[in-house]
Amino acid sequence: MRFIHAADLHIDSPLRGLSRYQGAPLERLRGATRRALERLVELAIAQQVDFVLIAGDLYDRDWQDFHTGLFVREQIVRLGRIGIKVFIVQGNHDAQSHMTRQIPWPENVKVFSSRTAETVRLEALGVAIHGHSFPNREVNENLAKNYPPAVPGCFNIGLLHTSLTGADGHDTYAPASLADLKSRNYDYWALGHIHARQVVCEVPRVVFPGNLQGRHARETGAKGCELVTVEGAVVSAAFIPLDVVRWHQLEVDLQPIQHLEDVPRQVAQALQAAVAGADEVLHAMRVLLTGETPLHALEASQPGTLAAAVQAAAQDVSGADVWIEQVKIALRSPLDRQQLGQGSDALGELVRWVDVLSNDGAALGQFCRDALADVLGKLPPDVLAALAHDTLDASGDIPRLDDTQALLALLKDAEATLLTRLNATETQP
Ligand SMILES: [Mn+2]
């Protein structure tokens with residue numbers, strides 16, 4: 001027996017903020033979640049799996065119109081034509097009460113009830129699948145505790161959307177401990193919700209496959225599903241990448257680089273290494289330039305120079321599609337900061353003032369609020385509300401004002417730029 005376990009497909013997840021990127025491959029990015037599902041269907045057919053498990057967040061949100069549902073249904077019909085069944089639990093993003101539109105499912109689909117845990121037995125395969133959909137977006141109860149006991153003599157699978165005991169960057173839903181899962185005596189827990197793949201336990205096998213397609217620059221690396229073969233027990237389980245756009249965050253050290261003409265080669269090497277072995281996907285790269293180099297002064301005098309050099313490097317990569325999503329610059333000029341801080345000039349004052357803010361998170365937050373007061377005052381209320389919930393920009397470009405680490409990074413960057421500019425001014429004849 002063979003099955004596929006996927007989760008968090010987030011079909012038609014809107015990629016926010018793309019319009020501000022000139023030259024972004026919009027069509028490929030927008031269609032990525034759909035293409036990944038098509039690839040999953042192709043894998044299921046090629047591998048002749050017996051069934052497919054989807055552990056929540058099949059949809060990103062309530063459909064804008066019926067096209068989203070019709071697209072997904074069409075893919076499931078393709079599976080049904082060769083007798084592949086699909087088992088679905090709804091998660092926080094596609095909770096039962098949250099979906100206002102519906103389309104009747106084809107017969108090869110089972111969506112588990114959102115009222116109570118259910119069991120489906122596949123007699124011919126000797127499998128029992130247990131599941132419970134989210135009734136609402138916020139499920140605070142431990143759903144796993146009420147899952148039915150294992151069916152004796154069957155391979156038992158628990159299908160569940162859960163944060164387990166919590167994970168960074170993910171809201172807590174249907175909390176459960178590994179001990180709670182183990183207490184059910186199942187053979188496999190097909191989990192969803194955490195977007196980074198994680199094998200929580202080998203026996204019983206407890207797995208978050210991660211999402212099928214990364215949605216933004218913070219969901220990096222290969223994304224895909226689990227392909228599991230069972231003969232009495234799990235005999236093999238493999239991660240199969242299915243993403244069509246792959247997000248990367250790449251740090252390139254420019255410390256050894258003194259001249260602009262050497263930048264593309266250094267960056268292209270790093271890009272080439274990052275795309276190795278995956279030539280069919282579009283690689284979306286967020287590049288962070290670090291190191292102490294005189295190039296920082298060049299960038300300060302002609303902003304955009306290094307971003308253009310990184311774009312140039314992307315042109316030089318062969319055998320893969322590379323799109324530079326963003327270039328972040330965290331360079332330092334070869335200046336002696338400690339020595340500058342002892343001076344009585346503007347440079348010294350700047351260094352001392354940055355030190356004060358760096359050591360006082362509250363003061364830093366207040367400073368940023370004051371500095372941004374004018375801007376914030378002009379934003380419409382809904383944008384402000386979105387900012388407060390960190391939902392305005394999924395790429396994470398806009399730091400929250402209570403995120404001290406992000407503000408510190410901004411402060412360091414501002415200091416580096418100012419020091420370079422001030423230094424250039426003071427040393428001019
Ligand atoms: Mn999700």
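Visitor: Is Trp63 buried or exposed?

Guide: Trp63 counts as buried, at 8% relative accessibility. One thing to keep in mind as we go: this is a predicted model.

Visitor: Got it. What does Trp63 form an aromatic pair with?

Guide: With Phe66. The two rings sit 6.3 Å apart, centre to centre, with 70° between the planes, and that pair is edge-to-face.

Visitor: And Phe66, where does that fall: buried, partly exposed or exposed?

Guide: Phe66 counts as partly exposed, with 39% relative accessibility.

Visitor: How many aromatic pairs does the structure hold?

Guide: There are 11 aromatic pairs. One of them joins Phe51 and Phe87: their ring centres are 5.9 Å apart and the planes meet at 85°, so this pair is edge-to-face.

Visitor: Why would you say that Phe51 and Phe87 tie parts of the chain together?

Guide: Because Phe51 belongs to strand E2 and Phe87 to strand E3 (residues 85-89), parts that are 36 residues apart in sequence.

Visitor: Buried or exposed, those two?

Guide: Phe51 is buried, with a relative accessible area of 0%. Phe87 counts as buried too, at 2% relative accessibility.

Visitor: Which cluster do ring pairs link Phe51 and Phe87 into?

Guide: A cluster of Phe3, Phe51, Phe87, Phe112 and Tyr188.

Visitor: Let's switch to the metal. What coordinates the manganese ion?

Guide: Asp8 (OD), His10 (NE2), Asp57 (OD) and His195 (NE2) do, at 2.1 to 2.4 Å. Along the chain, these donors follow the spacing D-x1-H-x46-D-x137-H.

Visitor: Where do His10 and Asp57 sit, then?

Guide: His10 is in the loop between strand E1 (2-6) and helix H1 (26-30), while Asp57 is in the loop between strand E2 (51-55) and H3. They are 47 residues apart, so to speak of a link here is to speak of distant parts of the chain. Both His10 and Asp57 are buried.

Visitor: You mentioned H3. Which residue of helix H3 can we look at?

Guide: Try Gly80, in helix H3 (residues 67-80). Gly80 is partly exposed, with a relative accessible area of 29%. Its C-alpha lies 20 Å from that of Gly56, and the two are 24 residues apart in sequence.

Visitor: New topic: helices. What span should helix H7 have, and what does the model give?

Guide: H7 (residues 305-316) has 12 residues, so at 1.5 Å a residue it should span 16 Å. The C-alpha atoms at its ends are 17 Å apart, which agrees.

Visitor: Which residues of H7 are buried?

Guide: Thr305, Leu306, Ala309, Val310, Ala313 and Ala314. As background, an α-helix has 3.6 residues a turn, so residues three or four places apart point the same way.

Visitor: And what covers the buried residues of H7?

Guide: The cover includes helix H5 (263-275), strand E14 (282-292), helix H6 (295-301) and strand E15 (321-332).

Visitor: Which residue is found in H5?

Guide: Leu271 is one of them. Leu271 is buried, with a relative accessible area of 0%. Leaving aside residues up to four places away in sequence, Leu271 touches Leu250, Met285, Val287, Ala313, Ala314, Val317, Val322 and Ile324. Ala313 and Ala314 also appear among the buried residues of H7.

Visitor: How about strands? How do E11 and E12 run?

Guide: Strand E11 (residues 224-231) and strand E12 (residues 233-241) run antiparallel, joined by 8 bridges. Gly224 stands opposite Pro241 in E12. The hairpin has 1 residue between the strands, and Gly232 takes a positive phi near 80° there.

Visitor: One more loop. Where does Ser114 lie?

Guide: Ser114 is in the loop between strand E4 (109-111) and strand E5 (118-122). At 15% relative accessibility, Ser114 counts as buried. Not counting residues up to four places away in sequence, Ser114 touches Gln96, His132, Ser133, Phe134 and Pro135.

Visitor: Zooming out, how many helices and strands does the protein chain have?

Guide: It has 12 helices and 15 strands. The C-alpha trace spans about 85 × 45 × 40 Å along its principal axes. Of the chain's 429 residues, 48% count as buried.

Visitor: And what supplies the area the protein chain exposes?

Guide: The chain exposes about 20,500 Å², and carbon and sulfur atoms supply 50% of it.

Terms used:
Residues are numbered from 1 along each chain as its sequence is written. This is a predicted model: local features need pLDDT of at least 70, side-chain atom pairs count only at pLDDT 80 or more; totals for chains, interfaces and linings use all residues. Side-chain values use heavy atoms; hydrogens and water are left out. Helices (H or I, at least four residues) and strands (E, at least two) are DSSP runs, numbered from the N terminus. Buried means under 20% relative accessible area, exposed over 50%, partly exposed in between (1.4 Å probe, protein chains only). The expected span of a helix is 1.5 Å times one less than its number of residues. Contact means heavy atoms within 4.5 Å. Donors are N, O and S atoms within 2.8 Å of the metal (3.2 Å for Na, K and Ca); water is not among the atoms, so sites may look incomplete. Two strands pair if DSSP finds at least two bridges between them. Accessible areas come from the Shrake-Rupley method with a 1.4 Å probe; for residues, only the protein chains shown count as cover. Rings of Phe, Tyr and Trp (its six-membered ring) pair if their centres lie within 6.5 Å; planes under 30 degrees apart count as stacked, over 60 as edge-to-face and the rest as tilted.
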